[in-house]
Amino acid sequence: MVERVRRVGAYGVLRDAEGRVLLVRGSAVADFPGVWSLPGGGLEHAEHPAHAVVREVTEETGLTVEVAGLLAVVADVVPYPDLGVALHTDRLLFEVTPVGGLRADHGGSTDLARWLTLDQAAVLPVLPFTAEALGLPVVPLPAGALRRREPFASAGAERRRQRFGAYGVVTDLDGRVLLTLIAEGYPGAGQWHLPGGGTDHGEQPVTALLRELVEESGQLGRVTELVGVDNLHNPAALGPEGYPIDWHGVRVVYRVAVDAPTEPAVTELAGGSTARAAWFTRSELPNLSLTGIAEMALGPSR
């Protein structure tokens, strides 16, 4: 039986004045030694992705960087046959601005950092998500490129969880906003929330959001824009498990248009966490009790 493991990572896209991109090479202890990728890596528990990318880029290149924006969010699954694991990684790609210069020495999972033209990068072994992000052909890696032999660390104590989700600022042609009401027994019960939820193993965030939109409201939508990312840490979230859990939620937010709105209806597939869904005019929003992410996404004036 294959174990499904999940990770969330943050990566930096850095370009210099000549248009070159900064890539790092996997060291002998990396999962893919000798393979190049965007600098970045996994989030620590409760760490905001924007903080993680700054930390990871500095660790791998010596550069101090500032986050300029969120460029893309993608997911991929890599099988580790020798370990019986299928690793799903949700990757947040940030545009970052470098300050200072590269250091000569490296440690850990990377052993080299270089500014490269796209032509130079195109002839190197590059991780698929990096090739796709740079607009390069996605070429299969050489046989034997995957070298990891150590088992993956446990996801953590039973009461520590990390969850990746996709949510939407969903509007119709009249400017109404679709919101969902959190059911009793779940964190945030009684508050109005953005439609969306956790992504499944192997699922892209946009696909997950549109699936959740149907399950929670019966609406068919189309994603029009990536808005940003929200980070939630609740060290004692009390949900249907019946005991407190240290939750770390990473939630990406998109704008979604519904061209043919209908009366919202919650389906059984919503899983019980959504009591109902409803359309609201902008003038009605200030009178609602909203979750933090809904307040952030809809703006202070709502």
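1. Let's start with how the chain connects to itself. Take the contacts in the protein chain between residues at least 6 apart in sequence: 72% of them join residues at least 24 apart. Keep in mind as you read that this is a predicted model.

2. Next, the overall build. The protein chain has five helices and 14 strands. Its radius of gyration is 21 Å, close to the 19 Å that the globule rule gives for 302 residues, so the chain is as compact as a globular protein of that length. If you draw a box along the principal axes, the C-alpha atoms fill roughly 55 × 45 × 30 Å.

3. Now the surface and the charges. Of the 302 residues in the protein chain, 46% are buried. The accessible surface comes to about 14600 Å², and carbon and sulfur atoms account for 53% of that. There are 25 positive and 37 negative charges, and their mean positions sit 2 Å apart.

4. Have a look at helix 1, residues 49-61. At 1.5 Å a residue, its 13 residues should span 18 Å, and the end C-alpha atoms are indeed 18 Å apart, which agrees. Its buried residues include Pro49, Ala52, Val53, Arg55 and Glu56. Right behind the helix comes Gly62, with a positive phi near 85°.

5. Ala50 deserves its own point. This residue lies in helix 1. Is Ala50 buried or exposed? Its relative accessibility is 17%, and buried means under 20%, so Ala50 counts as buried. Leaving aside neighbours within four places in sequence, Ala50 is in contact with Val67 and Phe94. Ala121 is another story: it is 71 residues from Ala50 along the chain, and the two C-alpha atoms are separated by 25 Å.

6. Just upstream there's a backbone detail to check. Most residues other than glycine have a negative phi. Ala46 is not a glycine, yet its phi is positive, about 75°. You'll find Ala46 in the loop between strand 4 (40-42) and helix 1. With 26% relative accessibility, Ala46 counts as partly exposed.

7. On to helix 4, residues 205-217. This helix has 13 residues and reaches 18 Å from its first C-alpha to its last, close to the 18 Å expected at 1.5 Å a residue. Among its buried residues are Pro205, Ala208, Leu209, Glu212 and Leu213. Just after helix 4, Gly218 takes a positive phi of about 80°.

8. Two residues of helix 4 make a nice pair to study. Ser217 is found in this helix, and so is Arg211. How do they sit relative to the surface? Ser217 has 1% relative accessibility and counts as buried, whereas Arg211, at 22%, counts as partly exposed. What does Ser217 touch, leaving aside its neighbours within four places in sequence? Its contacts are Leu178, Glu263, Pro264, Ala265 and Ala277. Not counting residues up to four places away, Arg211 touches Gly198, Thr199, Asp200 and Glu203.

9. Follow the chain past helix 4 and you come to Gly221, in the loop between helix 4 and strand 12. Arg211 and Gly221 are ten residues apart in sequence and 9.4 Å apart in space, C-alpha to C-alpha. At 27% relative accessibility, Gly221 counts as partly exposed. Not counting residues up to four places away in sequence, Gly221 touches Leu210, Leu213, Val256, Ala257 and Val258. Ala260 is 39 residues from Gly221 along the chain, and their C-alpha atoms are separated by 8.6 Å.

10. Last stop: Gly239. Where is Gly239? Look in the loop between strand 12 (222-238) and strand 13 (244-258). Its relative accessibility is 11%, so Gly239 counts as buried. Leaving out residues up to four places away in sequence, Gly239 touches Gly185 and Pro187. The C-alpha atoms of Gly239 and Gly188 are separated by 9.4 Å, with their positions 51 residues apart along the chain.

Notes:
Residues numbered from 1 in each chain as written. Predicted model: local features only at pLDDT ≥ 70, side-chain atom pairs only at ≥ 80, totals over all residues. Heavy atoms only, no water. Helix = DSSP H or I, 4+ residues; strand = E, 2+ residues; numbered from the N terminus. Rg over C-alpha atoms; globule rule 2.2 N^0.38 Å. Buried < 20%, exposed > 50% of the residue type's maximum accessible area, 1.4 Å probe, protein only. Contact = heavy atoms within 4.5 Å. Areas by Shrake-Rupley, 256 points an atom, 1.4 Å probe, with all protein chains shown as cover. Lys, Arg positive; Asp, Glu negative; His and termini not counted. Charge placed at Lys NZ, Arg CZ, Asp CG, Glu CD. Expected span 1.5 Å × (residues − 1).
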